[in-house]
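Colleague: I would like to learn how to read a fold feature by feature, with the general idea before the particular case. Could we take the model in front of us and go through it slowly?

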Amino acid sequence: MVRTFVAVEFPVDFTQIVKEVQENFRELGKMKIVPAELVHVTLKFLGEVDEGKVLDVEQSLENISCEPFQCFIKGAGVFPNVKKPRVLWLGIEGDFDPLHEQVEYYLEKEGFEPDKREFNAHATIARIRHIPRSNMNQFASIVKEMEDVEFGKFTVDNFRLKKSRLTPEGPVYETLRQFNL
């Protein structure tokens, strides 16, 4: 079995920007910071896939036909809310819907359940375990300050089928296949 997902990766030149945003939050609580070079926009998490089915997934994803588009990294926020933060993310704006809808369509044909939640383009930069009560106001204030900050833009001209191997040091990602738009 192979743990897989479909994603749009950030260009390498955004690594420093991600690190700078993460630094604002690092000392405010217990959190698992996502290594900046691994930050991405997940289009669909497939979970454990039989190795024999990976080729079928690749062949289905070859059918996707979308035009490249501009993606803006704008704002930071949390899921589910600032009072009980669990995920710290960077906001992503761009025409992801056609790409996401096609990923869902072609993978549903391969037997993958469509996502039940509405697609919300974002890039997870930390998973929050605990923010002490004494730091909550500062945490919320920084999130508020960053909610409209524009961090940059890039052209989305490809997406990737990724393999994820979980290790004690964190996930290790490998690109199984890149698909150009």
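Modeller: Let us begin with the largest pocket, which has a volume of about 1,100 Å³, bearing in mind that this is a predicted model. Of the 32 residues that line this pocket, the closest to its centre are T42, F45, H122, T124 and R127.

Colleague: Which elements give two or more residues to the lining of the largest pocket?

Modeller: These elements are β1 (2–9), β2, β3 (40–49), β6, β8 (158–167) and β9 (170–180), and the largest share, 6 residues, comes from β3.

Colleague: How many residues of each class does the lining of the largest pocket have?

Modeller: There are 17 nonpolar, 7 polar and 8 charged residues in the lining of the largest pocket.

Colleague: How should I read the sheets, and in what order do the strands of the open sheet with β2 and β7 stand?

Modeller: The general idea is that strands of a sheet pair through backbone hydrogen bonds, either parallel or antiparallel. Here 5 strands form an open sheet in the order β2-β6-β5-β4-β7, with antiparallel pairing. Because β2 and β7 (150–156) stand at the edges, each with a single partner strand, one side of each is left without a neighbour in the sheet. From one strand to the next, the twist averages 30°.

Colleague: What can be said about the edge strand β2 and its pairing with β6?

Modeller: Strand β2 (residues 30–33) is joined to β6 (residues 122–130) by 4 bridges, and the two run antiparallel. K30 stands opposite H130 in β6, while the bridge partner of M31 in β6 is I128. The faces of β2 can be read from its side chains, since M31 and I33 make up the covered face, whereas K30 and K32 make up the uncovered one.

Colleague: Which strands does helix α4 lie across?

Modeller: Helix α4 (residues 133–146) lies across β4 (69–79), β6 and β7, and runs at about 160° to β4.

Colleague: What is the strand order in the open sheet of 4 strands?

Modeller: The order there is β3-β1-β8-β9, and the pairing is antiparallel. Its edge strands are β3 and β9, each of which pairs on one side only, and neighbouring strands of this sheet are turned by 25° against each other on average, direction ignored. Helix α3 (residues 97–108) packs on this sheet, where the helix touches β1, β3 and β8, and its direction makes about 10° with that of β3. Within the sheet, β8 and β9 run antiparallel and are joined by 10 bridges, with N158 standing opposite N180 in β9.

Colleague: Turning to single residues, is V18 buried or exposed?

Modeller: The cut-off for buried is under 20% relative accessible area, so V18, at 1% relative accessibility, counts as buried. V18 lies in helix α1 (residues 15–23) and, not counting residues up to four places away in sequence, touches F10, A36, V39, L90 and I125. For a sense of distance, the C-alpha atoms of V18 and Q59, 41 residues apart along the chain, are separated by 33 Å.

Colleague: And what is the peptide bond from F79 to P80, cis or trans?

Modeller: The omega angle is the value to read here, and for the bond from F79 to P80 it is near -5°, which is cis. P80 is found in the loop between β4 and β5 (87–94).

Terms used. Residues are numbered from 1 along each chain as its sequence is written. This is a predicted model: local features need pLDDT of at least 70, side-chain atom pairs count only at pLDDT 80 or more; totals for chains, interfaces and linings use all residues. Side-chain values use heavy atoms; hydrogens and water are left out. Buried means under 20% relative accessible area, exposed over 50%, partly exposed in between (1.4 Å probe, protein chains only). Two strands pair if DSSP finds at least two bridges between them. Axes are lines fitted to C-alpha atoms, for helices over the stretch in contact, and angles run from 0 to 180 degrees between N-to-C directions. Contact means heavy atoms within 4.5 Å. On a 1 Å grid over the protein atoms alone, a cavity is a set of points where a 1.4 Å probe fits but cannot get out, and a pocket is an open set with protein on both sides within 12 Å along at least five of seven lines; lining residues have an atom within 4 Å of a point. Grid points are joined across faces, edges and corners, and a volume is the space filled by probe spheres set on the points. Ala, Val, Leu, Ile, Met, Phe, Trp, Tyr, Cys and Pro count as nonpolar, Asp, Glu, Lys and Arg as charged, and the others, Gly among them, as polar.
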